[in-house]
Amino acid sequence: MKFIIVFAALFALALAAPADVQVVRSESDVGPESFKYVSETSDGSQVQAEGVLKNVGTEVEALAVRGSYSFVADDGQTYTVTYVADENGFQPQGAHLPVAPEA
């Protein structure tokens, strides 16, 4: 399952890149209960994530992922998103993202 997630993320990165962009760094380590990957392209885009399987062997087994991605937009600015994805959902943060008002 983790291999599919890592593969899908790297595949999406490759599809999103223009034809003249090259992968300059790609590292991954996939284990039975965890994974880690880093990728960087020549246009300055970067992605990294680290995940671990929580509550192994129980009915509430869940994958917890921490990561980030960044890219250079058409305006020349680099945008970075850091995130946590776990049993509480996808929780992105970035200087350019709106923040919900305090309750």
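This is a short walk through one predicted protein model, from the overall fold down to a few residues.

Let's start with the chain. It has 103 residues, and 21% of them count as buried. The accessible surface comes to about 7,300 Å². Carbon and sulfur atoms hold 56% of that surface.

Now the secondary structure. The protein chain has 1 helix and 6 strands. Read along the sequence, the pattern is α-β-β-β-β-β-β. So how do the strands pair up in the sheet, and in what order? They make an open sheet of 6 strands, ordered 1-2-3-4-5-6, with antiparallel pairing. Strand 1, residues 23-30, stands at one edge, and strand 6 stands at the other. Each of those two has a single partner strand, so one side of each is left without a neighbour in the sheet. Neighbouring strands are turned by 10° against each other on average, direction ignored.

What about contacts along the chain? Take the contacts with a separation of 6 or more. Residues 24 or more positions apart account for 21% of them.

Next, the strand 4 and strand 5 pairing. Strand 4 covers residues 62-72. Strand 5 covers residues 78-86. The two pair in the antiparallel sense, over 8 bridges. Let me pick out one residue here, Ser-70, which sits in strand 4. Which residue of strand 5 is the bridge partner of Ser-70? The partner is Thr-80. Thr-80 also appears among the residues that Ser-70 touches beyond four places in sequence. The others are Gly-44, Ser-45, Gln-46, Thr-78 and Tyr-79. Is Ser-70 buried or exposed? Ser-70 has a relative accessible area of 11%. The cut-off for buried is under 20%, so Ser-70 counts as buried.

Stay in strand 4 and look at Ser-68. Ser-68 is buried too, at 17% relative accessibility. Beyond its sequence neighbours within four places, Ser-68 is in contact with Gln-46, Val-47 and Gln-48. Ser-68 is also in contact with Val-81, Thr-82 and Tyr-83.

That brings us to strand 5, and to Val-81. Val-81 has a relative accessible area of 3%, and is buried. Val-81 and Ser-70 are 11 residues apart in sequence, and their C-alpha atoms are 6.3 Å apart in space. What does Val-81 touch, leaving out residues up to four places away? The list is Gly-67, Ser-68, Tyr-69, Pro-92, Gln-93, His-96 and Leu-97.

On to strand 6, residues 89-93. Strand 5 and strand 6 run antiparallel, joined by 5 bridges. They form a hairpin, with 2 residues between them. Asp-86 stands opposite Gly-89 of strand 6.

Now the nonpolar core. The largest one has 6 residues. They are Phe-35, Tyr-37, Val-47, Ala-49, Val-65 and Tyr-83. Which strands each supply at least two residues of this core? Strand 2, residues 34-41, is one, and strand 3, residues 46-54, is another.

Look at Tyr-83 in that core. Tyr-83 counts as buried, at 12% relative accessibility. Outside four places in sequence, Tyr-83 touches a run of residues from Val-65 to Tyr-69, including Arg-66, Gly-67 and Ser-68. Tyr-83 also touches Tyr-37, Gln-48 and Ala-49. Phe-90, Gln-91 and Pro-92 are on the list as well.

Tyr-83 has an aromatic side to its story. The structure holds 4 aromatic pairs. One of them is Tyr-83 with Phe-90. What is the arrangement of this pair? The pair is tilted, at 5.4 Å centre to centre and 40° between the planes. Tilted covers the angles that are neither under 30 degrees nor over 60, so 40° falls in that class. Tyr-83 and Phe-90 also belong to one aromatic cluster together with Tyr-69.

Last stop, a loop. Pro-32 lies between strand 1 and strand 2. Here the relative accessible area is 78%, and Pro-32 is exposed. Pro-32 and Leu-53 are 21 residues apart in sequence. In space, they are 8.7 Å apart, C-alpha to C-alpha.

To recap: an open sheet of 6 strands, a largest nonpolar core of 6 residues, and Tyr-83 in both that core and an aromatic cluster. Thanks.

Terms used. Residues are numbered from 1 along each chain as its sequence is written. This is a predicted model: local features need pLDDT of at least 70, side-chain atom pairs count only at pLDDT 80 or more; totals for chains, interfaces and linings use all residues. Side-chain values use heavy atoms; hydrogens and water are left out. Rings of Phe, Tyr and Trp (its six-membered ring) pair if their centres lie within 6.5 Å; planes under 30 degrees apart count as stacked, over 60 as edge-to-face and the rest as tilted. Buried means under 20% relative accessible area, exposed over 50%, partly exposed in between (1.4 Å probe, protein chains only). Helices (H or I, at least four residues) and strands (E, at least two) are DSSP runs, numbered from the N terminus. Contact means heavy atoms within 4.5 Å. A nonpolar core is a set of buried Ala, Val, Leu, Ile, Met, Phe, Trp, Tyr and Cys residues joined through side-chain atoms within 4.5 Å. Two strands pair if DSSP finds at least two bridges between them. Axes are lines fitted to C-alpha atoms, for helices over the stretch in contact, and angles run from 0 to 180 degrees between N-to-C directions. Accessible areas come from the Shrake-Rupley method with a 1.4 Å probe; for residues, only the protein chains shown count as cover.
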